[in-house]
Amino acid sequence: MTEKMFETPKQQKFLANYFASLLKQNQLVHAYLLTGPAGSGKSSLALWVAAGLFCLHPETTGSPCGKCAECQRILTGNHPDVIDVVPDGSSVKVEQTRFLKAEFSKSGVEGRRKVIILESAEKLTISAANSLLKFIEEPSGQMTFFLLAQNVNQLLPTIVSRCQLLKMVIPSETQRSQLFAQAGISASKSDLLAGLTVDLQVAKQLDQTGAVYQLSDKLIEWYLKILSKDWLSVVDVQSQIMPIVVEKKDQQLLLELLELLVKDLINWMVNNQVKYFAKYQTQLTPKLKQLTVNQQLAAIELLLKQPKLRQANINFQNALEALTLQLLKCYDR
Ligand SMILES: [Zn+2]
């Protein structure tokens, strides 16, 4: 048995208990929409409920035992009546929609019961979503459909209105930071990682590869130069930052770190403390102290607005250099 399945309902204890009581009373409705950020345990919870439906020896609470042959098959992705669809690419493809429709119209292979899980449901195109509507509304047999999505606003209202909407419980940043520290991540780094992810596994990965710390070092070095009104900060973009953000995912991570830096600039204005980049507090403080409130506010406003860096088809280096110049002007006023 993998640990994952029972780890997540622990995180989602409230929802797991709710589903367990429904399972016990045989009162599941036929369509659920689970929403929450990546790593919040949506698919693990859906599989856990599926295991609860098929489990041979459920606990008195209604929870699956996790040990029987049915639970095992579901956990390992080998149950013919638990269908887990993960869209490939940016949208649910025509073949996948066709597959889903076919699965909706067939009852279970081994029994009448069936569970269909669609991950990243926000990737349903309008026509795919419309073609699934009637199946969601009038399922054949004992069908339970789970749509999983990060954000309910990206789904068609007609789909949302036909599902029971449940939001995943997300631990607060402070709780996450403690959780990460308990899992062996050093306390000085757990605040930064808790700002970046809700997922312990992702946090562990980031911690082990260390790229996030290298990026943080370069980001703060660059920013310290900007704070010193040092024009070499523009050159740094090409010579120091670009070589370590060659891939899109690294650029994405840099932008997420930049967002945390903005939060820290605000933290500093409020209580002269930085939280995510606490490691650099002693270097940042003397520079930040020299600034007027207006300079600080202008820079924060600029950083919050920087929409260009987020656009898909920009030249990342150009956009970052332009931002550097604008920041220099802010601090030079
Ligand atoms: Zn079982």
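Modeller: Before we start, a contact here is any pair of residues with heavy atoms within 4.5 Å of each other. This is a predicted model, in which local features need pLDDT of at least 70 and side-chain atom pairs count only at pLDDT 80 or more, while totals for chains, interfaces and linings use all residues. Residues are numbered from 1 along each chain as its sequence is written, and side-chain values use heavy atoms, with hydrogens and water left out.

Colleague: Understood. With which residues is Tyr-223 in contact, leaving aside its neighbours within four places in sequence?

Modeller: Tyr-223 is in contact with Leu-261, Leu-265, Ala-299, Leu-303, Leu-327 and Tyr-331, once neighbours within four places in sequence are set aside.

Colleague: How many residues does the largest nonpolar core have?

Modeller: The largest nonpolar core has 56 residues, and Trp-222, Tyr-223 and Phe-277 are those with the most contacts inside it. Several helices supply at least two residues each to this core, among them H9 (187-196), H12 (232-241), H15 (293-305) and H16 (316-332). Another core, of 29 residues, lies apart from it and includes Cys-71, Ile-74, Val-82 and Met-168.

Colleague: What counts as a nonpolar core, and what does buried mean?

Modeller: A nonpolar core is a set of buried Ala, Val, Leu, Ile, Met, Phe, Trp, Tyr and Cys residues joined through side-chain atoms within 4.5 Å. Buried means under 20% relative accessible area, exposed means over 50%, and partly exposed lies in between, with a 1.4 Å probe and protein chains only. Helices (H or I, at least four residues) and strands (E, at least two) are DSSP runs, numbered from the N terminus.

Colleague: How many helices and strands does the protein chain have, and what share of its residues counts as buried?

Modeller: There are 16 helices and five strands in the protein chain. Of its 333 residues, 47% count as buried. The C-alpha trace spans about 70 × 45 × 30 Å along its principal axes.

Colleague: Turning to empty space, how many cavities of 30 Å³ or more does a search of the whole structure find?

Modeller: The search finds one. About 30 Å³ of space lies in the largest cavity, and its lining consists of Leu-265, Leu-288, Leu-291, Gln-296, Ala-299, Ile-300 and Tyr-331. H15 gives the most to that lining, with three residues. By class, the lining of the largest cavity has six nonpolar, one polar and no charged residues.

Colleague: And which residues line the second largest pocket?

Modeller: Among them are Leu-196, Val-202, Gln-205, Lys-249, Asp-250 and Glu-256. The second largest pocket has a volume of about 350 Å³. H13 (248-271) provides the largest share of the lining, five residues. By class, the lining of this pocket has six nonpolar, three polar and three charged residues.

Colleague: Which definitions apply to cavities and pockets, and to residue classes?

Modeller: On a 1 Å grid over the protein atoms alone, a cavity is a set of points where a 1.4 Å probe fits but cannot get out, whereas a pocket is an open set with protein on both sides within 12 Å along at least five of seven lines; lining residues have an atom within 4 Å of a point. Grid points are joined across faces, edges and corners, and a volume is the space filled by probe spheres set on the points. Ala, Val, Leu, Ile, Met, Phe, Trp, Tyr, Cys and Pro count as nonpolar, Asp, Glu, Lys and Arg as charged, and the others, Gly among them, as polar.

Colleague: A change of topic: is Glu-103 buried or exposed?

Modeller: Glu-103 is buried, with a relative accessible area of 8%. Glu-103 is found in helix H5 (residues 94-105) and touches Ile-83, Lys-114, Ile-116 and Met-143, not counting residues up to four places away in sequence.

Colleague: How many bridges join strand E2 to E3?

Modeller: Four bridges join E2 (residues 82-85) to E3, and the two run parallel; strands pair if DSSP finds at least two bridges between them. Val-85 has Leu-118 in E3 as its bridge partner. In E3 (residues 113-118), five of six residues are buried.

Colleague: Lastly, what is the phi of Ser-120, and of Asn-272?

Modeller: Ser-120 has a positive phi of about 45° although it is not a glycine, and Ser-120 is partly exposed at 24% relative accessible area. The phi of Asn-272 is near 55°, also positive in a residue other than glycine. Asn-272 lies in the loop between H13 and H14.
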